[in-house]
Amino acid sequence: MTESERIDKVLWTLRIYKTRTEATDACKGGKVKIDGSNVKPSRLVKPGETISVHKGIIQYSYRLLQIPAHRLGAKLVPEYAENLTPQKELDKLKAPVETFFLRRDRGAGRPTKKERREMEEAWDKFDIASDFDMSDDDE
């Protein structure tokens with residue numbers, strides 16, 4: 001165990017990123033912060049520092065307890081870093097993804113007048129008709 005270590009290596013050893021290259025790219029891309037300021041991949045971190053990592057839609061926060069000497073197994077990570085991520089951020093993972101997709105079988109051709117009306121009714125139900133121009137101005 002060392003006194004300090006590069007941030008990209010620490011993020012990899014704590015299994016926050018799958019590869020060290022991903023951790024390096026995240027640092028270069030401004031997704032990793034310490035004390036609110038962006039860090040370079042070569043920045044040395046010490047135990048007690050709080051690291052903020054932006055992955056996807058979530059802003060994770062970790063307090064570094066110890067510097068690991070090598071990549072850890074998932075069960076050992078809590079001994080080296082405390083997860084300070086607020087529950088509000090973690091709830092974003094469980095948020096329903098609202099998508100609407102009308103599927104037509106391949107080769108089914110154009111919809112009939114009845115099918116088109118049914119599609120319009122479905123679009124009205126989900127209030128997405130405004131996203132599409134359903135008028136027949138061309139005819």
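In the predicted model, K55 of strand β5 has I58 as its bridge partner in strand β6, and this pair belongs to a longer run of contacts between the two strands. Strand β5, which covers residues 50-55, and strand β6, which covers residues 58-64, pair in the antiparallel sense over 6 bridges. Within this pairing, V53 stands opposite Y60 of β6. The two strands form a hairpin with 2 residues between them, and in this hairpin G56 takes a positive phi near 65°. In general, the strands of a sheet pair through backbone hydrogen bonds, and the pairing may be either parallel or antiparallel.

Strand β5 also pairs with strand β2, which consists of residues 32-34, and here the antiparallel pairing extends over 3 bridges. One of the residues involved is V32, whose bridge partner in β5 is V53. V53 is thus a residue that has V32 as a bridge partner and that stands opposite Y60 in β6. Taken together, the strands make up an open sheet of 5 strands in the order β3-β2-β5-β6-β7, with antiparallel pairing. The edges of this sheet are formed by β3, at residues 37-38, and β7, at residues 81-83, each of which pairs on one side only.

Attention may next be given to E49, which is placed in the loop between β4 (44-45) and β5. This residue has a relative accessible area of 17%, and because a value under 20% is the criterion for burial, E49 is classed as buried. The side chain of E49 reaches the backbone nitrogen of K46 at 2.9 Å. When residues up to four places away in sequence are not counted, E49 touches I34, R43, L44, Y62, R63 and L64.

The charged side chains were examined as well, and the count comes to 6 salt bridges. Among them is the pair of R6 and D8, in which the closest N and O atoms are 3.1 Å apart. D8 also forms a salt bridge with R20, with the closest N and O atoms 3.6 Å apart. D8 lies in helix α1 (residues 7-13) whereas R20 lies in helix α2 (residues 20-28), so that this pair ties together parts that are 12 residues apart in sequence. R6, D8 and R20 are accordingly described as linked in a network of salt bridges. The members of this network can also be described by their accessibility: D8 is buried, at 2% relative accessibility, while R6 is partly exposed, with a relative accessible area of 29%, and R20 is likewise partly exposed, at 33%.

A further salt bridge is found where the side chains of K92 and E89 meet, at 3.1 Å from N to O. In this pair, E89 counts as buried, at 14% relative accessibility, whereas K92 is partly exposed, with a relative accessible area of 33%. The 14% of E89 falls under the 20% limit, and therefore E89 is assigned to the buried class.

Key: Residues are numbered from 1 along each chain as its sequence is written. This is a predicted model: local features need pLDDT of at least 70, side-chain atom pairs count only at pLDDT 80 or more; totals for chains, interfaces and linings use all residues. Side-chain values use heavy atoms; hydrogens and water are left out. Two strands pair if DSSP finds at least two bridges between them. Helices (H or I, at least four residues) and strands (E, at least two) are DSSP runs, numbered from the N terminus. Buried means under 20% relative accessible area, exposed over 50%, partly exposed in between (1.4 Å probe, protein chains only). A polar contact is a pair of N or O atoms within 3.5 Å; within protein, one must be able to donate a hydrogen and the other to accept it, and residues adjacent in sequence count only if both atoms are side-chain atoms. Contact means heavy atoms within 4.5 Å. A salt bridge is a side-chain nitrogen of Lys or Arg within 4 Å of a carboxyl oxygen of Asp or Glu.
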